[in-house]
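Work through these exercises with the model open beside you. Try each task before you read its solution.

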Amino acid sequence: MNSLERVAAAINFQETDRVPVIAQVFGHAASLAGVSLDDYVQDGETLARCQLHALKEYGYDAVFSVMDVSVETEAAGSVLRYLRDQYPVVEKYALSTDGDWDELPIPDPLKAGRMPEMLKALRILRREIGDRTLVVGCVMGPFTLTTQLLGMETALYLAIDDPSRLERLMDFATETVIRFGRAQLQAGAHLPIVFNPSASPVVIPPQFFREFELPRLKRVFQAFMGSGAVANWLHIAGPVGPVLPYYPTAGVHIANFDYCISPKEAMDGLPATCLDGNIRPVSFIDGSPEDIEAEAAKLLDAFRNRGGFILSSGCEIPPESKPKNIAAMVNSVRAR
Amino acid sequence: MGEHLMTNLITAILEGDCAESVSQAKSLLGGGVSPEQVVTDGIEAAMSRLDAKCTLEQFNLLEIMLAGRAVMEIMKLLYPSGIAMAASKGTVVIATLEGDIHDLGKNILKTVLIGKGYRVVDCGKDCPLQKLIDIVEKERPLAVAISGLITPIIPLVRQVKDMLLLRRLDCVKVIAGGAALKQSSASRLNVDFLAESAFDVLPYLDEFTGGRK
């Protein structure tokens, strides 16, 4: 069984030769290769080279063309500040509440900002890996991109002060995400993971998620399946228990769950959906291989009879993580 | 003036209705209620209710921000010249450290602390460690609270207590919180207290102020 077949089997709750393991290694691939994060997030070739190096080093089941959470907002006009060994941050948001949003142009993934570099990385990764390992692209969720276009505080206040205007912007974000995701699939991604941290119940109430975000997520996932995605993967951080029941309606096939959700809560919320998680990300920095092995063993035991599970971290494995801790997670599935 | 007369104000704050909150506060002031009473019987009571919701994990950023906006607008009405409240429980210095520009958590803590009668000195985001220590030395606060969304600031957080000790400011408690930091532990971060949420800071500070008003 190769990695792609193993992940596909886990999604369908079929038997696998071992539990798939996907380390959410993004910027850490740069640290591992001795490349600055600044270069990694701006150059598709560097990103692909570092990802291939990390795959060779750790031997897990997926590679990622993920730069950071600001690719789409930059392409739409936000100004970023690039930092040597950190992810870039938004210095000036693309939009303000007093602007005219009626005819915002959807960013062209072949031209706008760093989108072409992300596509370049996907082309290289797919060319080198083929269908042996899952090649994952990345887009923001519609509400997350909305908060990245306006700033979190402004977007949240707008949700209350002028909800119809917020919805117009969320529609723009949705179209941006669909166009970018489709381009990623054309470039070679097996699927684009949808990162949606701003849609977490710690940020917005579940009712808001249901009314505003769910219909748009559904549109995004339908578009991706229609463009050849092998599955839909949703990543929302934090205590997602109250919104898990909406995932199947959205069209989710793989659901990431964070460290603050117990395996039981995740399984109860999504009894027929493949889950991936949920080792505490900071443990990869300040823990030991034994700590990681213990966390992994608990998870593997919890899902032993259920299946439909990919061993992973609750969120991104931080760039400064210790390599031996990531290796410990990967080895946990091989030791069984 | 009992809390029952404050009910409308408390409800408006909890519902995040900014205009109604300010309107209710104006009515109370017009009826002879002092600004201090609006704070203690109105704003603080509303904050305690939010705190209770938070403890039950029935809260989200949107609700807290809306309540926070209402509180800040009322404070502007009560203290238009920005003069610090006379009846302060004590000073807390807050900051988001250099390299981290995600200051929403810090701003929420600021609102919660002001709403509960603390004086807050805000060092802002992307704050160099040296600047933070200088401000602590000048202000001599009860505590310094640091928020962190991203992991690269962890090494900076670990230095704060030792830097305070070098300036003989070790009586100042060090509090940490935020998405990245709260995954760790107080001992690993070398801080006195690791807060799960902004509201979590209040009972900890009350240990030192005796919850005095």
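**Exercise 1.** What covers the buried residues of helix 7 of chain B?

This is a predicted model: local features need pLDDT of at least 70, side-chain atom pairs count only at pLDDT 80 or more, and totals for chains, interfaces and linings use all residues. Residues are numbered from 1 along each chain as its sequence is written, and chains are lettered from A and ligands numbered from 1 in the order in which they are written.

*Solution.*
- Find the helix: helix 7 of chain B covers residues 154–166. Helices (H or I, at least four residues) and strands (E, at least two) are DSSP runs, numbered from the N terminus.
- Pick its buried residues: B:Ile154, B:Val157, B:Val160 and B:Leu164. Buried means 20 or more other C-beta atoms within 10 Å of the residue's own, with C-beta atoms placed from the backbone.
- List the cover. From chain B it includes helix 6 (129–139), strand 3 (143–147), strand 4 (173–177) and helix 8 (186–189). Chain A adds helix 13 (283–286).

**Exercise 2.** Trace the contacts of B:Val157 and place this residue in the nonpolar core.

*Solution.*
- Set aside neighbours within four places in sequence. B:Val157 then contacts B:Leu97, B:Ile146, B:Gly148, B:Ala176, B:Leu181, B:Leu189 and B:Val191. Contact means C-beta atoms, placed from the backbone, within 7 Å.
- Go to the largest nonpolar core, which has 191 residues. Such a core is a set of buried Ala, Val, Leu, Ile, Met, Phe, Trp, Tyr and Cys residues joined through C-beta atoms within 7 Å.
- B:Val157 is among the residues with the most contacts inside this core, as are B:Val144 and A:Val21.
- Helix 9 (residues 163–187) of chain A gives the core its largest share, 11 residues.
- Domain 1 (3–78) and domain 2 (91–209) of chain B both contribute, so the core lies between them. The bounds come from an automatic or database domain assignment.

**Exercise 3.** Where is helix 7 of chain B kinked, and what follows this helix?

*Solution.*
- The kink is about 30°, centred on B:Val160. The bend is the angle between axes fitted to the seven residues ending at a residue and the seven starting there.
- B:Arg168 follows the helix, with a positive phi near 55°.

**Exercise 4.** Describe the contact between the chains.

*Solution.*
- Count residues: 17 from chain B and 22 from chain A.
- On the chain B side, helix 4 (residues 61–78) gives the most, four residues.

Key. Buried ≥ 20, exposed ≤ 12 C-beta atoms within 10 Å, placed from the backbone. Contact = placed C-beta atoms within 7 Å.
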